[in-house]
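Student: I've got a protein to look at and I'd like to learn how to read it. Can we go through it together?

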Amino acid sequence: MKMKNKTYDALKFLVTVFAPALMTLVGGLGAAGLVADTDVIVTVIGLVTAFVGSLIGLSSKQYKNNKEG
């Protein structure tokens with residue numbers, strides 16, 4: 001899977017910074033009683049983050065293999 005550098009950087013930011021921060025915010029709002037069913041929301045965000053993170057890892061591995069060989 002080939003990605004442009006800009007796409008890779010955006011997805012990496014999403015997975016490493018934005019999604020964990022969003023999960024923490026939603027979980028905190030749920031703990032404060034401001035949002036209902038936060039467990040489901042946090043789980044879905046986590047699943048999507050893991051999926052996109054796997055795609056990023058695959059792209060990074062292929063990039064390194066092409067650069068070395």
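Student: Okay, let's start with M3: which residues does M3 touch, not counting residues up to four places away in sequence?

Tutor: M3 sits in the segment before α1. Contact here means heavy atoms within 4.5 Å. Leaving out residues up to four places away in sequence, M3 touches Y8, L11, L55, I56 and S59.

Student: Before we go on, what kind of model is this?

Tutor: Residues are numbered from 1 along each chain as its sequence is written, and side-chain values use heavy atoms, with hydrogens and water left out. Local features need pLDDT of at least 70, side-chain atom pairs count only at pLDDT 80 or more, totals for chains, interfaces and linings use all residues, and the model is predicted.

Student: How many helices and strands are there in the protein?

Tutor: Helices (H or I, at least four residues) and strands (E, at least two) are DSSP runs, numbered from the N terminus. Helix α1 covers residues 5-31, and α2 covers 38-68. The count is 2 helices and 0 strands.

Student: Why is the protein said to be more spread out than a compact globule?

Tutor: Take the radius of gyration over C-alpha atoms, and set it beside the globule rule, 2.2 Å times the number of residues to the power 0.38. For 69 residues the rule gives 11 Å, so the protein is more spread out than a compact globule because its own radius is well over that, at 15 Å. Along the principal axes, the C-alpha atoms fill a box of roughly 55 × 15 × 15 Å.

Student: Back to a contact of M3: is I56 buried or exposed?

Tutor: I56 is in helix α2. Leaving aside neighbours within four places in sequence, I56 is in contact with M3, Y8, L11, K12 and V15. Buried means under 20% relative accessible area, exposed over 50%, and partly exposed in between (1.4 Å probe, protein chains only). With a relative accessible area of 8%, I56 is buried.

Student: Which backbone oxygen does the side chain of T49 reach?

Tutor: T49 is in helix α2 too, and its relative accessible area of 15% makes it buried. Setting aside neighbours within four places in sequence, T49 is in contact with V15 and A19. At 2.7 Å, its side chain reaches the backbone oxygen of I45.

Student: What about T38, buried or exposed?

Tutor: T38 lies in helix α2. Not counting neighbours within four places in sequence, T38 is in contact with V26 and G30. Its relative accessible area is 11%, so T38 is buried.

Student: Where is D37 found, and what is its phi near?

Tutor: D37 is found in the loop between α1 and α2, and it is exposed, with a relative accessible area of 61%. Most residues other than glycine have a negative phi. D37 has a positive value, near 55°.

Student: Last one: which residues form a nonpolar patch on the surface?

Tutor: Patches are made of residues with over 30% relative accessible area and no salt bridge; like charges are joined within 9 Å, nonpolar side chains (Val, Leu, Ile, Met, Phe, Trp, Tyr) within 5 Å. A salt bridge is a side-chain nitrogen of Lys or Arg within 4 Å of a carboxyl oxygen of Asp or Glu. One member, F13, lies in helix α1 and is partly exposed at 48%. Together they have about 360 Å² of accessible area (Shrake-Rupley method, 1.4 Å probe; for residues, only the protein chains shown count as cover), and they are F13, L14, V17 and F18.

Terms used:
A polar contact is a pair of N or O atoms within 3.5 Å; within protein, one must be able to donate a hydrogen and the other to accept it, and residues adjacent in sequence count only if both atoms are side-chain atoms.
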